[in-house]
Amino acid sequence: MDTIQSIAPYILPGALVTIEISVGAWLVSATLGLALALMRDTRRPLLTIPVSLSVEVIRAVPQLVVLYIVFFGLGTVGINLDSLTAAILGLGVADAVFTAEYYRAGFLTIPQTQRDAGLSLGLKPLQVTRHVIIPQTIPFVVPPLLNSFVGLMKSATLASAVGAPELLYGGRNYMETTGRVAPAAVAIMGLYIVATLPLTRAVRNLEKRVRSRTRA
Amino acid sequence: MSDLGGWLAILIGGMVVTIKLAAATSVLSIALAGLLALMSISPFRVLRVFAGLYVDVFRSIPILALAISVYYGLGASLHQLGITPFGTGVIVLTAIEGAYLAELYRGSLQAIRLAQWDAASSLGMGWASTVRHVILPQALPPAIPITLNMIIAIIKDSSLVSLIAVNEITLVANQLIAETFKPIQIYAVVALLYVALILPLAQVSRWIEAVVTRRLGLQNRPDQEKALQRLSIQAEARAG
């Protein structure tokens, strides 16, 4: 009981920051990913080539390095972000290059004939994308986007490396001040298991439902 | 700019450690994942439950949380046992990446239709010989690109153990930055080295995937379904 009371002040505020980081980074990833996917699928080489290139490059760079570039790198060119903002931005950008592919795979599930039909009705390409393609893509991209949220919850631990006071940061503080590792380790990992396992299961079921509905 | 050569030598030294770290982790993860995947289709309930629990638990734990806990909690004892930070890094990475890979392998094993198990058992084949002669030959080819993608993920995730004193490229880069105060230039070189290592692997993986798909005669499936499958495999591998 004493242990729980002594550890709570280290862990609970950290858990809130973890939620803040994962929700923030997820929003960055979901919107930037959609923008990247749309830009990559236009037929304008001036747009598609640089976008594809940066997506491919960032996909190959570890999240931690992306985060360091955003936090330490941008600092030297006069863009000083606090650790929380840097974590949201860095993790979000590193994830967006993957989210972009989920959207593009989602677009592929819509037959070309629908785009043709929209165009033949006199809609502009962007209007077709907005009113015909995206609404139908949503059910397909929701499960991978939720998976990416689960991934970001775990990646939020990286923010401790730039000093954002999230769950692992709080836990490490507890370990360092009390010299006791096990309670913090159990609390952190236990919280992660309790938070992510049901979510992962739910996403899997959702995915099955989306799939069976499209086959029918 | 004159010290670029010096940096590069130091960073490449770090990259060599990254490659060794990823190689050791990959070999061990493949072994662990293969074992767990076989357990998950075994006729013994205990083994199935154990494999399921292991995969669920270790897929839920962030690599960095496990790394920090092991390093702070067991670092001294591991040191006494003669296990270096590098060894600790390999153990931590394997424990988690093995769980992700096991889940993907289980998927390719279970993609084989149940009727094939029935057919094999009607021929009098036992579990082991069914797995060896019927299931594995069909499950292995699709598992190759999956494994390659996992190796790419392992290379990227190996940067995390820079935070538990493994002197791989990310740690070496940070030490270099502490001396030179040139984060942008040094991280740019680091990023390029990762790209140089990973892009060829990604290309090979795509190519093998295309060959496997063609050989297995999967190309007749409608685009939509193929796209969906890619999407779910990618997303599954990325949940970590």
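Select chain A first and follow it from the N terminus: its elements run α-α-α-α-α-α-α-α, that is, eight helices and zero strands, where helices (H or I, at least four residues) and strands (E, at least two) are DSSP runs numbered from the N terminus. What is displayed is a predicted model, in which local features need pLDDT of at least 70 and side-chain atom pairs count only at pLDDT 80 or more, while totals for chains, interfaces and linings use all residues. Residues are numbered from 1 along each chain as its sequence is written, and chains are lettered from A and ligands numbered from 1 in the order in which they are written.

With chain A still selected, orient the view along the principal axes, where the C-alpha trace spans about 70 × 50 × 25 Å. Of the 216 residues of chain A, 47% count as buried; a residue is buried if 20 or more other C-beta atoms lie within 10 Å of its own, exposed if 12 or fewer, and partly exposed in between, with C-beta atoms placed from the backbone. Among contacts in chain A with a separation of 6 or more, 76% are between residues 24 or more positions apart, a contact being two residues whose C-beta atoms, placed from the backbone, lie within 7 Å.

Now centre on A:Gly163, in the loop between helix H6 (125-155) and helix H7 (167-178) of chain A. A:Gly163 is partly exposed, because 14 other C-beta atoms lie within 10 Å. Add A:Asp82 to the selection: A:Gly163 and A:Asp82 are 81 residues apart in sequence, yet 9.2 Å apart in space, C-alpha to C-alpha.

Next, select chain B, whose elements run α-α-α-α-α-α-α-α-α from the N terminus on, giving nine helices and zero strands. Of its 240 residues, 43% count as buried, and residues 24 or more positions apart account for 80% of the contacts in chain B with a separation of 6 or more. Colouring by pLDDT, the predictor's confidence in each residue from 0 to 100, is useful here: the mean for chain B is 89, and 89% of its residues reach 70 or more. Confidence in chain B is highest in helix H2 (residues 45-60), at a mean of 97, and lowest in helix H9 (residues 223-238), at 59. Where pLDDT is low, the predicted coordinates should not be read in detail. The model as a whole scores ipTM 0.91 and pTM 0.91.

Show both chains together and turn to the interface, where 46 residues of chain A are in contact with 37 residues of chain B. On the side of chain A that touches chain B, the elements that give two or more residues are helix H2 (45-59), helix H3 (63-76), helix H4 (83-108), H6, H7 and helix H8 (182-215) of chain A. The largest share of that side, 11 residues, comes from H8(A). The residues there divide into 30 nonpolar, 10 polar and six charged, with Ala, Val, Leu, Ile, Met, Phe, Trp, Tyr, Cys and Pro counted as nonpolar, Asp, Glu, Lys and Arg as charged, and the others, Gly among them, as polar.

For the interior, display the largest nonpolar core, which has 131 residues; such a core is a set of buried Ala, Val, Leu, Ile, Met, Phe, Trp, Tyr and Cys residues joined through C-beta atoms within 7 Å. The residues with the most contacts inside this core are A:Leu67, B:Ala67 and B:Val190, and H4(A) gives the largest share of the core, 15 residues. Centre on B:Val190, which touches A:Val65, B:Leu11, B:Ile169, B:Thr170 and B:Ala173, not counting residues up to four places away in sequence.

Move to helix H3 (residues 63-80) of chain B, which has a kink of about 70° centred on B:Leu74; the bend at a residue is the angle between axes fitted to the seven residues ending there and the seven starting there. Buried residues in H3(B) include B:Ala67, B:Ile68, B:Tyr71 and B:Tyr72. H3(B) is followed by B:Gly82, whose phi is positive, near 85°. B:Ile83 is found in the loop between H3 and helix H4 (85-110) of chain B, and B:Ile83 touches B:Leu78 and B:Thr88, not counting residues up to four places away in sequence.

Finally, select B:Ala165, in the loop between helix H6 (127-157) and helix H7 (169-180) of chain B; B:Ala165 has a positive phi of about 70° although it is not a glycine. Continue to B:Phe181, in the loop between H7 and helix H8 (183-215) of chain B, where phi is near 55°, again positive in a residue other than glycine. B:Phe181 is exposed, because 10 other C-beta atoms lie within 10 Å.
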